[in-house]
Amino acid sequence: MNGRGSSSVARPKARDFMVRMGASIALVPVLESLGVDPGRLLTEAGADMSLFDDPDNWVSYKARNHWVAHCVERTGCHHLGLLIGARNNLHSLGLIGLLAKYSPDVESALRALVRHFHLHLRGGSATFSIAGRAATLGFESWVPGAEANEQVEDAALASAFNFLRGLCGPDWNATEVRFAHRKPDDVRPYRAFFRAPLLFDDEQNAVIFHSSWLRHRLPAEDADLRQLLEQNVRSLEARFGDDFPEQVRTILRTALLTDHASADQVASLLAMHSRTLHRRLTAAGTNFRDLVNESRFAIACQLLADTDSDVSKVANLLNYADASAFTRAFRRWSGTTPAAWRHKR
């Protein structure tokens with residue numbers, strides 16, 4: 001992963017956990033603001049500083065998280081992720097951020113962002129949903145064994161907050177911000193940035209806002225430019241390949257937590273018949289049940305590692321009949337019980 005520019009950096013393959021450098025470049029000015037030498041600290045963490053020269057460079061998810069963990073330890077700043085995200089905006093997402101910016105309204109912008117988020121990150125997903133008057137823009141990560149996931153999730157939420165403020169304008173604000181990790185010892189930086197009710201130990205990382213904002217027209221709307229951007233996105237998608245199982249995984253992360261994870265429901269969200277869903281997954285060398293179990297295990301590990309939710313609550317969130325049924329399933333996946341797995345963390 002050394003080198004500069006998109007032409008000299010390997011693009012992620014289907015199941016590589018990789019992240020585009022765009023949003024991570026903010027780490028450098030954040031460290032400078034804390035009075036430390038970014039080059040020295042990041043080099044200590046094993047980072048190649050040339051990666052920070054181009055937002056279209058890619059790095060492994062675990063390597064990026066290790067940099068963040070090292071910087072948290074060395075600076076003592078336990079809200080580092082929040083500071084990183086606070087410096088990001090739609091332009092941090094590159095092409096997909098521009099596609100969102102030049103959409104006709106907020107809802108179409110968010111749908112474009114979520115649809116193409118894998119062009120920015122492999123190892124997590126953006127999520128978007130509407131329930132009555134509440135709209136939700138969220139982020140889920142599922143890279144096993146990665147350090148500092150809570151910092152990365154804080155960065156994603158702060159970035160999402162800025163994305164929405166950039167789309168909706170200065171009068172917009174969140175109605176609630178939810179974190180899928182424990183409440184930090186010092187919540188003051190979070191309150192100062194979000195200026196909204198905060199909910200920790202939740203099952204999702206999400207910014208909640210009034211759904212009326214979805215109809216807000218965007219001042220930068222440009223049909224011709226949007227068409228050109230869509231063509232560029234399709235070209236980039238072709239270079240990544242058609243990773244259909246990854247699309248299903250992305251949907252399952254939200255569907256499992258909202259009890260909409262049957263094959264028929266997921267197929268409907270992909271605008272296809274369930275037979276087509278099964279056929280395409282078989283052609284890709286997997287099946288729907290395996291993806292459901294993989295997603296359940298990933299969600300369970302995240303909740304056990306990053307929150308204080310008890311086993312019964314995790315079982316209920318994942319739609320198991322009781323804690324015993326969930327424990328049996330978890331033992332099949334991991335070879336140990338949820339309690340023992342959490343204790344070893």
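Asp224 is placed in helix α9, which covers residues 223-240, and at 62% relative accessibility this residue of the predicted model counts as exposed, because exposure is assigned over 50%. Asp224 and Pro38 are separated by 186 residues in sequence, and their C-alpha atoms lie 41 Å apart in space. For the chain to which both belong, the C-alpha trace spans about 50 × 50 × 40 Å along its principal axes.

The protein chain contains 16 helices and eight strands. For 345 residues, a compact globule would be expected to have a radius of gyration near 20 Å, and the value of 20 Å found for the protein chain agrees with this. Of these 345 residues, 53% count as buried. Among the contacts between residues at least 6 apart in sequence, 69% join residues that are at least 24 apart.

Confidence in the prediction is described by a mean pLDDT of 87 for the protein chain, with 92% of its residues reaching 70 or more. Over residues 1-15, however, pLDDT stays under 50, although the model has 43 contacts beyond four places in sequence for this stretch. Where pLDDT is low, the predicted coordinates should not be read in detail.

Five of the strands form an open sheet of mixed pairing, in the order β4-β5-β8-β6-β7. Strands β4 and β7, the latter formed by residues 198-199, stand at the edges with a single partner strand each, so that one side of each is left without a neighbour in the sheet. Strands β4 and β5 run antiparallel and are joined by eight bridges, and in their hairpin, where two residues lie between the strands, Gly132 takes a positive phi near 65°. Strand β5 is in turn joined to β8 by six bridges, again in an antiparallel arrangement, with Thr136 standing opposite Ile208 in β8. Seven of the eight residues of β5 are buried, and this strand is therefore largely enclosed by the rest of the structure. Towards the other edge, β6 (residues 176-178) and β7 run parallel and are joined by two bridges, and Arg178 is found opposite Leu199 in β7.

Helix α6, made up of residues 106-115, lies across β4, β5 (134-141) and β8 (205-210), and runs at about 150° to β4. The surroundings of β4 can be followed through two of its residues. Ala126 lies in this strand, which covers residues 124-131, and stands opposite Phe139 in β5. With a relative accessible area of 5%, Ala126 is buried, because the limit for this class is 20%. Apart from its neighbours within four places in sequence, Ala126 is in contact with Leu113, Val114, Phe117, Gly138 and Thr250. Ala126 and Trp142, by comparison, are 16 residues apart in sequence, with a C-alpha to C-alpha distance of 12 Å.

Thr127 is likewise found in strand β4, and at 9% relative accessibility Thr127 counts as buried. When residues up to four places away in sequence are not counted, Thr127 touches Val114, Thr136, Leu137, Gly138, Phe139, Glu140 and Thr254. Val114 and Gly138 thus appear in the contact lists of both Ala126 and Thr127. In a regular strand the side chains alternate between the two faces of the sheet.

Among the helices, α3 (residues 61-75) was examined for its length and burial. At 1.5 Å a residue, its 15 residues should span 21 Å, and the end C-alpha atoms are 21 Å apart, which agrees with the expected value. The buried residues of α3 are Tyr61, Arg64, Asn65, Trp67, Val68, Ala69, His70, Cys71 and Val72. Just after this helix, Gly76 takes a positive phi of about 75°.

Positive phi values also occur at residues other than glycine. Arg195, which is not a glycine, has a positive phi of about 50° and is situated in the loop between α8 (188-194) and β7; with a relative accessibility of 64%, Arg195 counts as exposed. Asn319, also not a glycine, has a positive phi of about 70° and lies in the loop between α14 (311-317) and α15 (323-334), where its relative accessibility of 48% makes Asn319 partly exposed.

Note on methods. Residues are numbered from 1 along each chain as its sequence is written. This is a predicted model: local features need pLDDT of at least 70, side-chain atom pairs count only at pLDDT 80 or more; totals for chains, interfaces and linings use all residues. Side-chain values use heavy atoms; hydrogens and water are left out. Helices (H or I, at least four residues) and strands (E, at least two) are DSSP runs, numbered from the N terminus. Buried means under 20% relative accessible area, exposed over 50%, partly exposed in between (1.4 Å probe, protein chains only). Contact means heavy atoms within 4.5 Å. The expected span of a helix is 1.5 Å times one less than its number of residues. pLDDT is the predictor's confidence in each residue, from 0 to 100. Two strands pair if DSSP finds at least two bridges between them. Axes are lines fitted to C-alpha atoms, for helices over the stretch in contact, and angles run from 0 to 180 degrees between N-to-C directions. The radius of gyration is taken over C-alpha atoms; the globule rule is 2.2 Å times the number of residues to the power 0.38.
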